[in-house]
Amino acid sequence: MAKLFRAAIMGPPGSGKGTISKRIAQSFGLQYLSSGNYLREGIADNTEAGVMAKTYIERGMLVPDHVMTRLMLSKLEQLSGHSWLLDGFPRTLAQALALNNLYQLDLVISLNIPYETLKERLIDRWIHPSSGRVYNMGFNPPRVQGKDDVTGDPLIQHDDDKPEALMARLRHYKEVAKPVIDLYKSQGILHSFSGTETDRIWPYINSLLTTKMQTLPADTCQQTP
Ligand code: G5P
Ligand code: MG
């Protein structure tokens with residue numbers, strides 16, 4: 001059987017995980033799973049887990065490990081036989097160990113972006129709630145201010161991008177991520193990228209993945225031009 005490719009992307013809030021994951025998914029044909037998107041779907045659908053998660057997200061806190069692990073491992077179970085990329089999971093050592101018990105990751109990307117840059121980006125971020133489309137008033141603004149490009153619906157700000165919750169998210173990230181980063185470093189699969197612009201970091205990630213995937217059997221993942 002062809003070997004599958006399993007990767008994760010880590011980084012503080014606003015570091016560009018979502019933006020880069022979409023490029024990776026498009027270019028390399030990986031299935032893309034975002035823990036934040038699944039939580040927001042649950043909130044929008046008013047599911048039991050969504051209602052519970054909202055109380056944490058609004059305060060800029062992490063959702064408890066057992067909830068995240070159950071959610072993400074069940075999504076991964078549905079993807080057996082596919083190569084995938086995780087965005088936003090694992091976030092804590094407990095989550096990383098739970099994942100490690102079931103899957104060996106091939107590659108972990110860690111984004112190091114200065115805090116000032118993160119603050120500027122997130123305070124400027126607006127979303128279209130029903131589709132999850134994300135805009136940034138500087139980097140990728142909507143065609144009409146305050147309106148979704150496709151539907152024309154009004155855009156909103158995530159509660160966790162509002163200044164108070166944002167500062168709490170940034171502070172917590174570093175301490176929680178450190179043991180996870182150390183674990184992946186010790187496994188020899190961690191690749192860190194630093195910078196203030198996604199467009200400048202992307203070519204390095206693209207070339208790393210191209211190299212890594214060339215070592216896999218041809219039918220595992222397809223790169224599109
Ligand atoms: P999320 O949704 O995983 P965060 O906090 O990790 O949220 P976020 O906010 O989704 O991270 P990102 O994905 O790293 O950020 O970044 P992005 O969305 O691609 O880019 C951020 C903004 O900057 C966008 O507007 C983008 O257009 C813009 N941008 C990108 N590149 C550039 C650039 O080069 N220049 C400029 N100017 N702009 C750029 O999680 C949300 C919450 O859910 C819970 C937590 O409460 C979390 O806070 N949660 C979990 N809790 C526990 N465990 C887990 N595993 C959890 N996962 C989620
Ligand atoms: Mg994201």
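This text describes a helix pair, a pocket and a cavity in a predicted model.

The helix pair consists of H4, spanning residues 65-77, and H5, spanning residues 93-102. Their axes come within 10 Å and cross at roughly 30°. Angles under 35 degrees count as roughly parallel, and H4 and H5 are therefore roughly parallel to each other. The crossing in which H4 passes H5 is right-handed. On the H4 side, the contact is made by Asp65, Met68, Thr69, Leu73 and Leu76; these meet Ala94, Gln95, Ala98, Leu99 and Leu102 of H5. By class, the residues of this contact comprise 7 nonpolar, 2 polar and 1 charged.

Helix H4 also takes part in the second largest pocket, to whose lining H2 (35-44), H3 (48-58) and H4 each contribute at least two residues. The space in this pocket amounts to about 190 Å³. Its lining is formed by Tyr38, Leu39, Glu41, Gly42, Asp45, Thr47, Ala49, Gly50, Val67, Arg70, Leu71 and Lys75. Of these lining residues, 5 are nonpolar, 3 polar and 4 charged.

Enclosed space is a separate matter. Searching the whole structure yields 1 cavity of 30 Å³ or more, and the volume of the largest cavity is about 60 Å³. Strand S1 (6-10) and helix H7 (163-186) each provide at least two residues of the lining of the largest cavity. The residues that line this cavity are Ile9, Met10, Gly11, Lys17, Gly88, Phe89, Pro90, Arg91, Tyr173 and Ala177. They divide into 6 nonpolar, 2 polar and 2 charged residues.

Terms used: Residues numbered from 1 in each chain as written. Chains lettered and ligands numbered in written order. Predicted model: local features only at pLDDT ≥ 70, side-chain atom pairs only at ≥ 80, totals over all residues. Heavy atoms only, no water. Axes fitted to C-alpha atoms, helices over the stretch in contact; angles between N-to-C directions. Helix = DSSP H or I, 4+ residues; strand = E, 2+ residues; numbered from the N terminus. Parallel < 35°, antiparallel > 145°, perpendicular 65-115°, else oblique. Left-handed = near helix turned anticlockwise from the far one by under 90°. Contact = heavy atoms within 4.5 Å. Nonpolar A, V, L, I, M, F, W, Y, C, P; charged D, E, K, R; others polar. 1 Å grid on protein atoms, 1.4 Å probe; cavity = no way out; pocket = protein on both sides within 12 Å on 5 of 7 lines; lining within 4 Å. Points joined across faces, edges and corners; volume = space filled by probe spheres on them.
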